[in-house]
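Hi,

Here is the structure I promised to pass on to you. Have a look around first, and then read my notes below.

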Amino acid sequence: MAALLVPRHRRPPAIYRVARALRWVSAIVLIALVIFAGTVAYSAVEVARSSVQSRSLSASFASNGTVAVAGSFTLSNPGLYPIQGVTLTARIANSAGVFLGAFGVGPNDIAPSTTGVFPIALYLPVSASGPTKSLLTEDQYLAVNAWGNATYAYLFPLSVSLSETRYWGAPFEGFHASVGTPSGGGGAITVPIVVTFSDHASSPDVGTLAFVIESSNFVDCGGGSFPLDVPAGSLYDHTDTATLSPGCSPSGGQLLATYSSAGGTTPLPPEAIP
Amino acid sequence: MSVSGRVVVPAQETGGYQIPSLGYRILVAALRLIPSFFLLVALPVAALTFVNSRGIALPISIFEVEAWGLVLLALGTARYISKPTRAYGPLSVAVSLMALLYLLYALTLSPYRLVIPGGSASVAAGYSMFLELAMVVPAIGIVVGLLITFEDARSPKERLPFDFPA
């Protein structure tokens, strides 16, 4: 009978011990995952509440024949986990679908309890020729497509895409320059130049407007310039006088206007002279 | 001193074992259902209902969540009640396999694409890596179930003194 006694402190069978150890591992992993998921959800809500903020966005004429849209946007991360590899790419097209410009930021990481600041620099061409000239003189809606990518809390990749139209107020909306009837005789012959437009941009047109009257055979007949200080959102109507070169007829030619500001010189669309 | 088969098992040395009655196991299993139901059914359904009430499309239907949750609850309850029997191992495998299938099904729904009401923006959130990590738990559960099944086949009732110490 004594031989049948089970030894003291009998150990569980090996398979049972392995199974029990695995069960412990499984339970620990499960608890860790539940805690991780809970804290990720809480942190994600905090990040969503803080939302993206853009600030100090400004548009101005740049020296390279473009309008520069500069500024920054901030993304706060009040959560417990980092936001890694934040990238943003945006593509702008005009109302005709012609590509105007693009910008990209990142990749950047935003550590927990910090705020990431991302500078934006977008240059929109505003030349007097080519498909983008209408930005100078035509209000329109621009198509903005943006894509962003990031990884949150190491395991959750996120991607955001945004498509929307943004109103573009032209700085020389409805620009029109006309050459009046020449007057005078014998000595100097002068012509009145009438310039009208509206500044629908968010910034004033401050600088100088220079103009040149060109004959039909591309001979410079004369010109002039005058200071410009047009507040944003206002109508401009100005009459100036140009002195023509002797024997030079503007009829059938064109009037070339150039806007110069602190940012640079921008040619405006030429106006035909009847 | 108790007798188990041909082996005399002194209760004070091995601990012996005492299997709870079926009624007691059913009662405990029913009590375990409360937190399990909250975690597997009530909480996910409440979250989905909250999201749906704000006009956001759901990644998975509420019915599917309820169905998967109830199946897992039923299998888990049966597993607990059958713990002293040889069905415990296979049922452990079944529960873990079902949980693994649930996670695999959820994996096919990743990434979750959310279109912001208004249609101008969309957000895609991937959770594949998290689910793949979570699959470790049922995968281990399957191995544990297979080990118990093998142990019960090799030496029936050998684990009982350790599962149900007196």
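A good place to start is Leu114(B), which stands opposite Val123(B) in strand E4 of chain B. Please keep in mind that this is a predicted model. The two strands involved here, E3 (residues 112-115) and E4 (residues 121-125) of chain B, run antiparallel and are joined by four bridges.

Val123(B) also stands opposite a residue of the other chain, Val160(A). That pairing belongs to strand E7 (residues 156-168) of chain A, which is joined to E4(B) by five bridges, again antiparallel.

Next, look at chain A for an open sheet of three strands, in the order E8-E9-E12, with antiparallel pairing. E8 (173-179) and E12 (235-244) are at the edges with a single partner strand each, so one side of each has no neighbour in the sheet. On average, neighbouring strands here are turned by 15° against each other, direction ignored. E9 (residues 189-198) pairs with E12(A) over ten bridges, and one pair to find is Pro192(A) with its bridge partner Thr241(A).

Finally, turn to helix H6 (residues 136-154) of chain B. How far apart are its end C-alpha atoms? They are 27 Å apart, which agrees with the expected span because 19 residues at 1.5 Å a residue should span 27 Å. The buried residues of H6(B) include Val137(B), Ile140(B), Val144(B), Leu147(B) and Ile148(B), and also Glu151(B) and Asp152(B). What covers the buried residues of H6(B) includes helices H4 (88-108) and H5 (128-134) of chain B, along with helix H1 (14-50) of chain A.

Enjoy exploring!

Note on methods. Residues numbered from 1 in each chain as written. Chains lettered and ligands numbered in written order. Predicted model: local features only at pLDDT ≥ 70, side-chain atom pairs only at ≥ 80, totals over all residues. Expected span 1.5 Å × (residues − 1). Buried ≥ 20, exposed ≤ 12 C-beta atoms within 10 Å, placed from the backbone. Contact = placed C-beta atoms within 7 Å. Pairing = 2+ DSSP bridges. Axes fitted to C-alpha atoms, helices over the stretch in contact; angles between N-to-C directions.
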